[in-house]
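Got your viewer open? Load the model and we'll walk through it one selection at a time.

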Amino acid sequence: MSELRRRTLLGGALAGVAGGALVGGVVAGGVAGPGIAAADPVVGGEGDLSGAAERGWDGLDWPGFLGSADLRWQRMPTAWYEGPFLGNGFLGSGVYAEPGANAVRFTVGHSQVQDHRPEFGSLFGLARLPIGHFTLEPVGAITGVDWRLDLWNAELRGTITTSAGSLALRAIVHSGRSLLAVEVRPTEGERGFRWVFHPEEAVSPRTAPQFGKPPPPGYVGNPPATVSTSGDRTLAVQELLGGGEHVTAWREHTVGSLRTLRAAVAWSFPGRTAAREALRLVDSGWLPFDLLAVDHREWWHSYYRKSFLSVPDQRLQSFYWIQLYKVASAARRDAPVLATCGPWLEPTPWPATWWNLNVQLEYWLIHGSNHLELDAVTRALGEHQDNLVGQLAEPYRGDSAGIPRTTDMNLLNGGGPYPVGIPGQDTPTPEVGNLTWALHNVWLSYRHTMDDRILRGVLFPLLRRAVNYYLHFLAPGPDGRLHLPATFSPEYGVNAPDCNYDLALLRWGCRTLIDSATLLRIADPLAAQWKRVLDTLVDYPVDANGFMIGAGVPFAKSHRHYSHLLSVYPLYEVTWEDPARRDLIDRSLRHWIGFEGALQGYSFTGAASISAQALRGDDAAFYLGELLRRFVQPNTMYKESGPVIETPLSAAQSLHDMVCQSWGGVIRLFPAIPASWPDVAVRDFRTQGAFLLSASRSGGATRWLRVRSEAGAPCVLRPGIAGDLTVRDGRGRERRWRDLGGGTIEVELRRGEEAVVHRRGDRPDFELGPVPANGPAQPWGLPA
């Protein structure tokens, strides 16, 4: 390998290869789409991708690599959890057979489309609303399909075969506009195919009879949509009883036999201006498909290049890259925080945003994969702080904040079920820790960027209020320790004093407030109280089986949620690195996961991540394998009655936890790699402390790592490389470092500097690429 090539791979290319300025909000004429602002700068920066070849500056064959993860269909999907899906954080479309008809359905969903009647609560009056769907109706009977979801280009391609001929199709949801484009080239016998739009009733999906959830008294559906045509443009206008509207506009263009459908969705509230915006979107997107797709593809190519991960398990590796596609299809920083179904609304009892686990798990993978541009949680909590105060009981609004279990996109519950309860009172359910847990996600975004604006503007002021809410109810017991009255551990079903869910969050919150005040140079008058809590808070209730739900309430039934284990994961308040705690962690994990009856998919992602903390790579891989085998659907979606998007996304984080952990100020490389993975490659993995990590494992041993500092934070590494080490910069010069013992080193790095670590005397190949597969793997989708 030439020195130029070696230095390119070790230098800026590995850190800056995620090129391409974000074009997420740019449309013709430079106007942003509905709810999609021109992209904010992303911490870490992005280069210019204009003119770059598809084979990236990093030397990777990106189209070929991601092509191996493409989903494929040789059988017609019959439901949302089998078919292709497209999206951009706002507009989403799923593709599958129209039930009971000779047609293919293209659903139309939008993450901003919700009702606005707070008097009926978040699950009815503020619920996400269905919009409608298009059907592609061929001339002949459908006899087969051959489709491929091209991840690299975020495009569905393939053919529909019928008794009258065939239809070749291409489809995208544009990365920066609320626009669905479907190009169809029919054979002669299928020239008469047609598109039909079917508006759906604008009513909360929770009202569907199969869910047994009757609406509150007085709740009625919104009036039917009105459909009108002007020239070649058609509008379906859905007015809402609570004000505002959403509008779907579409038009079809024909050149010879080639026909292209463009459909756009716009939303407005409280005014009714969406029709004008929907028409503007349809008209501005009127370009040949290949031209329309140019900036769409640039966005996606830039997105994927921001990090790289390859493992020998090809089924899991494909699953991982599909989750990165999925999360970028479902989330954007300026989009609403993900509802349980993402932008792909289907019949569901959960047509809202859930804050007692779902949101937290949905966004974990954005940190390690280096995709902070998708962080809607930090933005939303910062923007809607007043709503988090106003939904507490009036006596606590002066100094506290909380978030209900379910909200709309503005973090409003509407006085519906599951508000923020009051500790010690049975009604409403005293579920009080959800805001603190959500702020842990904000803290992760801060730690992975070291952006003080997150700390000062969102985390510190809100966490101060969230902890204050607890402080109102803490009281000393006869033992001299501080105790909590009864609260609720999601979703065990029993209130308990000294609930482990809340004790863990309170400890983490006080510790984080003290550290944050120091970093921000704030002399907070509450600091003494935070320290008193840490010094005198009661220990976690435990019994012979491990962590209990709370004092006097053992963990004694199957339970899908690991709320009682939050101190272990993801808070890392109780860790495997403390030998005195290992038996407790082990007993607790085995006892919890041993109750099979109520376990769900995310139970296994939690078990995988806890196993990864315990350095048990084989166990972590086993739990992920059980998840894929038992719960994940053909297109990698997940369901519990309806779509629930968090579980597959959290599985990607479990894989991250196996590859790299950076909690507690130490970057641990390859801490939980199973024996069946001799080779692993990772590039630009983002860690706490704002480091970008690249590394190679080969033949069962770590060969080298490269770490680049974006913030100048202390760089403490546990590289897992046996023998004496060499630590150099990208030009081969010695770096200052010291051995801390136990396989841990500290490297002196200032902002913008990098270090390369390998075994002394070794001459590793610093080129990164896909690692050898353990064997063939069936593609996701419905292959033959």
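How do the residues of the lining of the largest cavity divide into nonpolar, polar and charged? Eleven are nonpolar, six polar and two charged. Keep in mind as you click around that this is a predicted model.

To see that spot for yourself, select Ser 111, Arg 128, Val 337, Ala 339 and Thr 353: of the 19 lining residues, these are the closest to the centre of the largest cavity. The space in there comes to about 120 Å³. There's further hunting to do if you like holes, since the structure holds nine cavities of 30 Å³ or more.

Next, the nonpolar packing. Pick Tyr 304, Trp 321 and Leu 381, which touch the most other members of the largest nonpolar core, a set of 220 residues. Now colour helix α13, residues 452–471: with twelve residues, this helix gives the most to that core. Then zoom in on Tyr 304 and show what surrounds it. Leaving out residues up to four places away in sequence, Tyr 304 touches Trp 62, Leu 66, Leu 151, Trp 152, Trp 321 and Tyr 325.

Apart from that core lies another, of 17 residues; try selecting Leu 179, Val 247, Ala 274 and Phe 289, which are among them.

Last stop, the sheet. Trace β11-β12-β13-β14-β9-β8-β7-β6-β1-β36 and you've followed an open sheet of ten strands with mixed pairing. β11 (226–230) and β36 (781–782) stand at the edges with a single partner strand each, so one side of each has no neighbour in the sheet. Inside the order, show β9 (residues 179–186) and β14 (residues 258–268): they run antiparallel, joined by six bridges. For one bridge pair, click Leu 180 and its partner in β14, Ala 263.

How values were computed
Residues are numbered from 1 along each chain as its sequence is written. This is a predicted model: local features need pLDDT of at least 70, side-chain atom pairs count only at pLDDT 80 or more; totals for chains, interfaces and linings use all residues. Side-chain values use heavy atoms; hydrogens and water are left out. On a 1 Å grid over the protein atoms alone, a cavity is a set of points where a 1.4 Å probe fits but cannot get out, and a pocket is an open set with protein on both sides within 12 Å along at least five of seven lines; lining residues have an atom within 4 Å of a point. Grid points are joined across faces, edges and corners, and a volume is the space filled by probe spheres set on the points. Ala, Val, Leu, Ile, Met, Phe, Trp, Tyr, Cys and Pro count as nonpolar, Asp, Glu, Lys and Arg as charged, and the others, Gly among them, as polar. A nonpolar core is a set of buried Ala, Val, Leu, Ile, Met, Phe, Trp, Tyr and Cys residues joined through side-chain atoms within 4.5 Å. Buried means under 20% relative accessible area, exposed over 50%, partly exposed in between (1.4 Å probe, protein chains only). Helices (H or I, at least four residues) and strands (E, at least two) are DSSP runs, numbered from the N terminus. Contact means heavy atoms within 4.5 Å. Two strands pair if DSSP finds at least two bridges between them.
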